Each structure stands twice: as structure tokens, then as C-alpha cells.
Amino acid sequence: MNDIFVFSMLPWASKLLHRSHMLSKYFAKNGMNVYHVEKVNSFNPLKLGRYELDRGQVSVLKIYGLPYFKGVSKWVFRANDRFINSALKAFLENENILKASAVLSTPHWSFSAGRVENFKNGIFYAISDDYIAFAGNAKWKRLLSEYEKHAVEISVKVFATALPLLGKTGGKGILIENGVDLDSFETAEKIEFETEGKVIGFIGGLYSWIDYELVLKVAKANKGDLIVLVGPTDSKDEMDRLSSLENVLYLGPVDKNEIQDYYASFDIGIIPFLPESEYPRLKTVNSNKVYQYLYFGYPVVSTRFKQVEKLRDTILVSDSHEQFLANIEVAKKEAGECGVDLESISWENKAIEMMKYF
């Protein structure tokens, strides 16, 4: 059995779902011995550079390091490189793993994993976002740029989720978009919300890319319907304003093991993102929710961004607030349809495609 280390963005136990969770799950299902590697923040000097292992179908390797403090201190990155590298080498030696593959889900892991000789089956960078665009200060941008450049240099192949991200791959890029967790979605159970109207829902991060004014207009224009919002947020004032409306239900983040039930419970799925002109990072987005909405066959209304343009025959794409509201009225009269080959967009299919290169 081949060993593979998936260096994650989020902990395995996180309520939120990330690409690394799905890859770990389906690598394991298809015969690989998977270690989901996560950094645990600690200031305890006795723990830094140490590891813990929780064995399972997907084994979780927890390595203790310092918080990155949003990139303000370069020495923290360098210290974590040493802590993580030391723990990895100790673990590999103790488990007698001489040959393995590694998948890096963020650039933060590149120097620590890149200095491990045991990854003889290759290191692969799975880039799913423009992480540098997230950086809130110039020093952080420089650090992430350095780490991402190194991640590309040490990788055999770079798996990118969106065409614009291929420009970051140094000619090593392979387009492998996000997918649907068919194993979980096939067992989804519909939640009966208390409303006599339609359930109009959004699932995902309610952060700076959301057009809150548009969501407010949707709620006010559809008072007989229930607007359900699911996901974490850092915009408390905006969410308080929305939640003050009688027909808005904000549920916060939902456990990733239950999320399929919420997807199954909408009558209309919405994607109220800001225009790319206001939030350019949307040009590199490959959103899971697009296909997860479509899986259940209800209409989807979206603002325009690069990913949904190729699905205009299936998704109601909107160029203005007025068109978005009009498209919701259209969606209320439509049955909706998937319009895509589910097997081709399944996470299992994506994992198997990557495994060809290991």
C-alpha cells in the first residue's frame, strides 16, 4: 500500500470542509495509506516540533508549531519550517516509512516538507486559491510568494482548480477542479424548514466576497420565502442586519458531516458574490457549492464570475442586482436540472485522476 501525506489547510476535525478533506477521504477509499497532516498552534516549548498520531482509515498527524501571526514575522515561518521538518523526520523514522508521496494544500508547508528525503514518490502542490491575494500586508505577501514559488519548484506536478491559477504553476499545471462528495450526498436527508414559501439558500463562507446589499434586497423582495444562510462569517454587523429580518435564518457554520442535508433542503440555491471588478480574486475561484447545488437539481441563481460563465445553460447568471432578483422569480417557476455529469465531477474521480501521477 502506498503512503501519502496530505498537508492540510484545516484540521481533520474542522466543521468546515476543504479540498484536503476530500482528497484524503478518497485517496484512502482507493487503497492509499493516508496521513492527513495538520499544524496545531502552541506556545508550549515542550510541544513545539513534536507530533501526535490518531490512527484511522485516514490517520491524522498533528504537528505542533507556532501561529503564523498573519505573516508579520518571517522568523515564525522559519521556526515552523524547522519544527515541522523535525517532527516529520522523526515520524517517518519511527514508522519506518522510506518512500511516500506528499500533497501540499497550501504553500506554508513547502520548505518543511521539501526537505524530507522520504517523499521519493514525489511532492505535489494542490493549489485551490490565490493565497497571496488573501495576505493583508506587504510582508505577508512577500513570504507567501516565496513559499509558493518554492512549492512549485519542488513539485512534480501542480494540481490547479481554476484556469487562471495555471499561470502560477511554472508549466507543471494540471487542471483538476473541485467536486462533489457523492458518497455523502447520496445519503442526504431533507430538512423541513418552517415556511409556506420557497427556501432560498446559500452555503459557504460569508466573508468579504459576499454582496450583502444584494442578499438584503433578496430578502426584502421575497418576504414570503425563507432565506437560509449557512457558513462562518467575520461580518457580524452585516449578519446582524440580515438576521433582524423575519424571513432570514442565519445558522452559522454547520458540521461538514451534516452539510449535505442542508444542500438537499433548498428550493433555490444562490451565489451572491461581488463583481470581479470589486473582488478580483473571484477570477481564480472554483466553488464547490456550484456543483453541490446542481447535484440536487434545483435552480441556481448567481452573480457573474468566471466559473459560472461556462454553465450559463444551467445556472441563471446575473449581471446586476435587478437581474438577480428577476432570475429568482424565474427560478421559482423552474424545476431546475443538474446539467453536468456527476461522476465526472465527483471527488472520487478527482482523487483517482491525481493518483495517476503518484
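**Note on helix packing, salt bridges and surface features**

1. Arg241 has a relative accessible area of 32% and is therefore partly exposed. The model is a predicted one, and the points below refer to it. Arg241 pairs with Glu238 through a side-chain salt bridge, with 2.9 Å between N and O. Both residues belong to helix 8, three positions apart, which corresponds to about one turn of the helix. Glu238, with a relative accessible area of 27%, is likewise partly exposed.

2. Helix 8 (residues 236-243) packs against helix 7 (residues 212-221), the axes lying 10 Å apart at an angle of about 5°. Helix 7 is therefore roughly parallel to helix 8, since angles under 35 degrees are classed in this way. On the helix 7 side the contact involves Tyr212, Glu213, Val215 and Leu216; on the helix 8 side it involves Glu238, Met239, Arg241 and Leu242. Glu238 and Arg241 thus appear both in this contact and in the salt bridge within helix 8.

3. Helix 1 (residues 19-29) and helix 13 are arranged otherwise: their axes cross at roughly 75° and come within 9 Å. This makes helix 1 roughly perpendicular to helix 13. Helix 1 contributes Arg19, Met22, Leu23, Tyr26, Phe27 and Lys29 to the contact, and helix 13 contributes Trp347, Glu348, Ala351, Met354 and Met355.

4. Lys29, one of the helix 1 residues in that contact, also forms a salt bridge with Asp183, at 2.9 Å from N to O. Because Lys29 lies in helix 1 and Asp183 in helix 6 (residues 182-185), the pair ties together parts that are 154 residues apart in sequence. Both partners are partly exposed: Lys29 has a relative accessibility of 40%, and Asp183 has a relative accessible area of 30%.

5. A further salt bridge joins Lys168 to Asp130, whose closest N and O atoms are 3.4 Å apart. Lys168 is in the loop between strand 7 (157-160) and strand 8 (173-175), and Asp130 is in the loop between strand 6 (123-127) and helix 4 (131-134), so this pair ties together parts that are 38 residues apart in sequence. Lys168 is partly exposed at 25% relative accessibility, whereas Asp130 is buried, with a relative accessible area of 19%; the class of Asp130 follows because buried means under 20%.

6. Across the whole structure, the search finds 18 salt bridges. Lys74, Arg78, Asp81 and Glu146 are joined into one network by salt bridges that share partners.

7. Where does Glu343 lie, and which residues does Glu343 contact? Glu343 is in the loop between helix 12 (321-332) and helix 13 (347-355). With neighbours within four places in sequence set aside, the contacts of Glu343 are with Leu182 and Asn349. The C-alpha atom of Glu343 is separated by 9.4 Å from that of Gly179, although the two residues are 164 residues apart along the chain. Glu343 counts as exposed, at 54% relative accessibility.

8. Phe43, Phe69 and Val72 make a nonpolar surface patch of about 310 Å². Phe43 is located in the loop between strand 2 (33-41) and strand 3 (51-54). With a relative accessible area of 60%, Phe43 is exposed, because the cut-off for that class is over 50%.

How values were computed: Residues numbered from 1 in each chain as written. Predicted model: local features only at pLDDT ≥ 70, side-chain atom pairs only at ≥ 80, totals over all residues. Heavy atoms only, no water. Patch = residues over 30% accessible without salt bridge, like charges linked within 9 Å, V, L, I, M, F, W, Y side chains within 5 Å. Areas by Shrake-Rupley, 256 points an atom, 1.4 Å probe, with all protein chains shown as cover. Salt bridge = Lys/Arg side-chain N within 4 Å of Asp/Glu carboxyl O. Helix = DSSP H or I, 4+ residues; strand = E, 2+ residues; numbered from the N terminus. Buried < 20%, exposed > 50% of the residue type's maximum accessible area, 1.4 Å probe, protein only. Axes fitted to C-alpha atoms, helices over the stretch in contact; angles between N-to-C directions. Parallel < 35°, antiparallel > 145°, perpendicular 65-115°, else oblique. Contact = heavy atoms within 4.5 Å.
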